Amino acid sequence: MRYNVAQLLKAPVGARREYDLDEDIHDLDEDVRATEPLTGHIKLTRTASGILATGRLHTTVTIVCRRCAEEFNSPVDFELEEEYVPTVDIQTGARLPTGDIEEALLIDAHHTLDLSEVVRQYIVLHREQYPLCDEACAGLCPICGQNLNEGPCGCQDASGDPRWSALRELLEGEE
């Protein structure tokens, strides 16, 4: 996901380049484990201060269910919009001040714009925050830790927690 934008930096404000994206991102990060390539369409537009990258992207990542702790695949769709700033003047080669701009948003000295870190951040931000493998996921047994989706564990007493006995009696009385 690296693009040489030297010619685009020489172009007038508003000039645009477009790219179809179909990138293998399996090794993007240990927190982001993609099971499908990152696909979509990227537009790079020349702005007064750099290059605006926009696009609609899609992939599928492996995440862990919050109830049963099993891994499952989850789709991630997001719209990317970030402005990248050059570190070197395209005409003179002089270093440009970058101030407190995040390093991931800098165009390097060879005029290469790298989307990798920004895409990683967008995937982390847009994947499910409270992932469930299934709405009906039964979770784990609080006593022995068995995955209750695979069947009952047999360690829990049928009477349950004695603190709930008063509520249980009320419910039984309604039947």
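Good morning. I begin with helix H2, residues 116–126, whose buried residues are Val118, Val119, Arg120, Tyr122 and Ile123. Please keep in mind throughout that this is a predicted model. What do these buried residues of H2 pack against? Their partners are three strands: E4 (38–46), E5 (51–64) and E6 (71–86). As general background, an α-helix has 3.6 residues a turn, so residues three or four places apart point the same way.

One residue of this helix leads to my next topic, the aromatic rings. The structure holds 2 aromatic pairs. The pair of Tyr3 and Tyr19 is tilted, with 4.6 Å from centre to centre and 35° between the planes. This pair links distant parts of the chain, since Tyr3 belongs to strand E1 (residues 2–4) and Tyr19 to strand E2, 16 residues apart. Are these two rings buried or exposed? Tyr3 counts as buried because its relative accessibility is 10%, and the limit for that term is under 20%. Tyr19, at 28% relative accessibility, counts as partly exposed.

The other pair brings us back to the helix: Phe78 and Tyr122 are also tilted, at 5.7 Å centre to centre and 35° between the planes. Here too the pair links distant parts of the chain, with Phe78 in strand E6 and Tyr122 in helix H2, 44 residues apart. Both Phe78 and Tyr122 are buried.

Let me turn to the cysteines. How many disulfides does the structure hold? The number is 0. Cys65 is in no disulfide, and its nearest cysteine sulfur, that of Cys68, is 3.7 Å away. Why does Cys133 not form a bond with Cys68? The sulfur of Cys133 lies 3.7 Å from that of Cys68, its closest cysteine sulfur, and this is too far for a bond, because a disulfide requires sulfur atoms within 2.5 Å. As for their surroundings, Cys65 is buried, with a relative accessible area of 3%, whereas Cys133 is partly exposed, with 36%.

We now move to the surface. Which residues make the nonpolar surface patch of about 440 Å²? They are Trp164, Leu167, Leu170 and Leu171. Trp164 sits in the loop between H2 and helix H3 (165–174). With a relative accessible area of 51%, Trp164 is exposed, because the term applies to values over 50%.

Finally, I would like to show you two loop residues. Val13 is found in the loop between helix H1 (6–10) and strand E2 (16–23), and Ala48 in the loop between E4 and E5. Both are exposed: Val13 has a relative accessibility of 60%, and Ala48 has one of 73%. Which residues does Val13 touch, leaving aside those up to four places away in sequence? Val13 touches Arg46, Thr47 and Ala48, so the two loop residues I have chosen are in contact with each other.

Two separations complete the picture. The C-alpha atoms of Val13 and Asp108 are 20 Å from each other, and these residues stand 95 residues apart along the chain. Ala48 and Glu30 are 18 residues apart in sequence, while their C-alpha atoms are 36 Å apart in space.

To summarise, the buried residues of H2 pack against strands E4, E5 and E6, the structure holds 2 aromatic pairs and 0 disulfides, and Trp164 is among the residues of a nonpolar surface patch. Thank you for your attention.

Methods
Residues are numbered from 1 along each chain as its sequence is written. This is a predicted model: local features need pLDDT of at least 70, side-chain atom pairs count only at pLDDT 80 or more; totals for chains, interfaces and linings use all residues. Side-chain values use heavy atoms; hydrogens and water are left out. Helices (H or I, at least four residues) and strands (E, at least two) are DSSP runs, numbered from the N terminus. Buried means under 20% relative accessible area, exposed over 50%, partly exposed in between (1.4 Å probe, protein chains only). Contact means heavy atoms within 4.5 Å. Patches are made of residues with over 30% relative accessible area and no salt bridge: like charges are joined within 9 Å, nonpolar side chains (Val, Leu, Ile, Met, Phe, Trp, Tyr) within 5 Å. Accessible areas come from the Shrake-Rupley method with a 1.4 Å probe; for residues, only the protein chains shown count as cover. A salt bridge is a side-chain nitrogen of Lys or Arg within 4 Å of a carboxyl oxygen of Asp or Glu. Rings of Phe, Tyr and Trp (its six-membered ring) pair if their centres lie within 6.5 Å; planes under 30 degrees apart count as stacked, over 60 as edge-to-face and the rest as tilted.
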